[in-house]
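Please open the model in a viewer with residue selection enabled. The tour below proceeds from one selection to the next and describes what is found at each stop.

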Amino acid sequence: MSKTIHEFNDIIRKLRKELFGKGPERIHTVFVENMAVSTLYGNLTPTETFIASTSEGCDMVHLARTKMIQDVYASNPPEGLEELVGAKLVNLFSDMKIKENIAVSVFVFDKNII
């Protein structure tokens with residue numbers, strides 16, 4: 001199971017690095033029935049950290065980081081993700097605490113995974 005979680009985390013890290021120029025420094029994922037719950041630490045680029053120094057900037061970074069990732073997964077799940085867990089991704093819920101630089105993503109699949 002830990003090998004599958006490691007591979008799952010690698011897929012998440014690679015996609016976020018491609019999208020934002022930086023992937024999370026650390027990811028902790030647990031599989032629960034038909035969900036994968038991932039906590040992502042150290043997500044922001046230096047530029048995003050600078051932009052987030054104001055409340056308006058913080059809102060901009062939050063919107064970009066949460067909405068964009070949800071749209072990407074909805075239109076095209078990362079290559080290998082569904083095959084890895086043996087189920088189809090049906091929803092992604094994502095949120096981020098900008099000041100703490102922590103994000104949580106809940107991947108919901110059409111059936112129990114692994």
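Select lysine 22, which is buried at a relative accessible area of 18%; buried means under 20% relative accessible area, exposed over 50%, and partly exposed in between (1.4 Å probe, protein chains only). Add glutamate 25, whose side chain meets that of lysine 22 in a salt bridge at 3.3 Å, N to O. A salt bridge here is a side-chain nitrogen of Lys or Arg within 4 Å of a carboxyl oxygen of Asp or Glu. Glutamate 25 counts as exposed, at 62% relative accessibility.

This is a predicted model, in which local features need pLDDT of at least 70 and side-chain atom pairs count only at pLDDT 80 or more, while totals for chains, interfaces and linings use all residues. Residues are numbered from 1 along each chain as its sequence is written, and side-chain values use heavy atoms, with hydrogens and water left out.

How many salt bridges does a search of the whole structure find? The search finds 5. For another of them, select lysine 3 and glutamate 7, where the closest N and O atoms are 2.8 Å apart. The two residues are separated by about one helical turn, because they stand 4 residues apart in helix α1; helices (H or I, at least four residues) and strands (E, at least two) are DSSP runs, numbered from the N terminus. Lysine 3 is exposed, with a relative accessible area of 60%, whereas glutamate 7 is partly exposed at 29%.

Next, select glutamate 48 and arginine 65, whose side chains form a salt bridge of 2.7 Å, N to O. This pair links distant parts of the chain, with glutamate 48 in helix α2 (residues 46-51) and arginine 65 in helix α3, 17 residues apart. Both glutamate 48 and arginine 65 are buried.

Keep arginine 65 selected and add phenylalanine 20: the arginine lies over the face of the ring, 4.0 Å from the ring centre. A charge sits over a ring if NZ of Lys or CZ of Arg is within 6 Å of the ring centre and within 35 degrees of the ring normal. Arginine 26 offers another case, its charged end sitting over the ring of tyrosine 41, 3.9 Å from the centre.

Now turn to the aromatic rings, where the structure holds 3 aromatic pairs. Rings of Phe, Tyr and Trp (its six-membered ring) pair if their centres lie within 6.5 Å, and planes under 30 degrees apart count as stacked, over 60 as edge-to-face and the rest as tilted. Select phenylalanine 8 and phenylalanine 31: with centres 5.5 Å apart and planes at 85°, the pair is edge-to-face. Phenylalanine 8 lies in helix α1 (residues 2-20) and phenylalanine 31 in strand β1 (residues 26-32), so the pair ties together parts 23 residues apart in sequence. Both phenylalanine 8 and phenylalanine 31 are buried.

Add phenylalanine 107, which forms an edge-to-face pair with phenylalanine 8, at 5.1 Å centre to centre and 85° between the planes. Phenylalanine 107 lies in strand β4 (residues 102-109) and phenylalanine 8 in helix α1, so this pair ties together parts 99 residues apart in sequence. With Tyr73 added, Phe8, Phe31 and Phe107 complete one aromatic cluster.

Finally, view the largest nonpolar core, which has 28 residues. A nonpolar core is a set of buried Ala, Val, Leu, Ile, Met, Phe, Trp, Tyr and Cys residues joined through side-chain atoms within 4.5 Å. Phe8, Tyr73, Phe107 and Phe109 have the most contacts inside this core.
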